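Me: Can we walk through how the chains in this one pack together? Here's what I'm looking at.

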Amino acid sequence: MHTSPAATDDHEAHDNPALLHHFATAEQQKDAASLGMWVFLVTEVMFFGGMFCAYLVYRYWYFGDFGAASSSLNLTLGTANTVVLICSSLTVAMAVRCAQVAKQKAIVVYLLLTIVLGLAFLGVKAKEYKDKFDENHVPGQASFHLDGSIPRHPDIAVNQRHAQIYFSLYFAMTGMHALHMIIGVGLFVFLTYRASKGAYGPGYYTPLENAGLYWHFVDIVWIYLFPLLYLIDRHP
Amino acid sequence: MSEHISSVTLYVSIWLALLLGTGLTVFAATLDLGPFNAVVALAIATTKAVLVVLFFMHVKYTHEKLTKMVIVTAIFFFLILVALSMADYATRLWT
């Protein structure tokens, strides 16, 4: 973070070394970075939006088969993972707050907690994937088979092709979500290293804030994935 | 920097509300509400998402109005995607 000689006329440049010369104020610089991050998140909304739209179309067409396939997921692990992710969103929010109030050591602690929670989520997800492989619920496998019948219609067996479409969407959506989690954990490892060097404080914490926005967005994607994938047709 | 700093109490309250919403949506899934199961699940999910966006993502306190416009644009275009797609796929069997 350098300041060009021209910017030293600006009085703010004296007390904030993070302020780049092409911004009038630190506030303007932070707003620009934040807006850029939000525009990136819009592209992410459209990216996941395509998959959500595909899900809605097939849920409408293969209503009962999706219900049967959804009930084969492990609800306990799914709920636990939702709780883990919500907790990690709190720890990220707290890490950003610690930067705002100049608690340098607490930033590192909260970021490490976030990394641990993120890895816990990925570990549980890996266990769920392994169970799906063990149960032959992976689409495209010759051995694919989903036992049972359509919810509330014990006489109608599950259509195996339709159930495979559910699991294709399940693996695509949770897989892309997990990839985002892996990238997020990578970002936080880097930010933890930088924070441990005292890089972030009240005058400059934009990377922390923007990584936080990314992490909260990934949390929101899961907030929708959880009821749509795990909770349909669970009632008797 | 005239940045708004939220209190720890607020963050913890939002966290508790999100956990409550998670419990509520799991409970609601065990009830037979007919077509309203999906409505209730999506309503709870949207409430949770709004809490995250407003408080964890600081949108409630941002002075940059463009941020709000960008978010509304994203929602608007996603709804166009869903509405026009479903207008096709959901009506193909109509006679």
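Reply: Sure. One term before we start: two residues are in contact if their C-beta atoms, placed from the backbone, lie within 7 Å. Also keep in mind that this is a predicted model.

Me: OK, what covers the buried residues of H1(B)?

Reply: Start with who is buried: B:Ile14, B:Trp15, B:Leu18, B:Thr22, B:Thr25, B:Val26 and B:Ala29. Down the axis of H1(B) they fall within an arc of 115 degrees, so they line one face of the helix. The cover over these buried residues includes helix H2 (36–56) of chain B, along with two helices of chain A, H4 (75–100) and H7 (206–230).

Me: And which residues on the other side of H1(B) are exposed?

Reply: H1(B) runs over residues 8–29 and reaches 32 Å from first C-alpha to last, close to what's expected. Its other side has these exposed residues: B:Thr9, B:Leu10, B:Leu16, B:Leu20 and B:Phe27.

Me: Which helix gives the largest share of the side of chain B that touches chain A?

Reply: Contacts pair 39 residues of chain B with 38 of chain A. On the chain B side, H1, H2 and H3 (65–89) each supply at least two residues. By class that side has 26 nonpolar, 9 polar and 4 charged residues. The largest share, 13 residues, comes from H3(B).

Me: Which helix gives the most to the largest nonpolar core?

Reply: That core has 75 residues, with A:Leu111 and A:Leu229 among those touching the most other members. H1 and H2 of chain B each give two or more residues to it, as do several chain A helices, including H4 and H5 (104–134). The top contributor, with 15 residues, is H7(A).

Definitions and conventions: Residues numbered from 1 in each chain as written. Chains lettered and ligands numbered in written order. Predicted model: local features only at pLDDT ≥ 70, side-chain atom pairs only at ≥ 80, totals over all residues. Helix = DSSP H or I, 4+ residues; strand = E, 2+ residues; numbered from the N terminus. Expected span 1.5 Å × (residues − 1). Buried ≥ 20, exposed ≤ 12 C-beta atoms within 10 Å, placed from the backbone. Arc of directions from axis to C-beta. Nonpolar A, V, L, I, M, F, W, Y, C, P; charged D, E, K, R; others polar. Core = buried A, V, L, I, M, F, W, Y, C linked by C-beta atoms within 7 Å.
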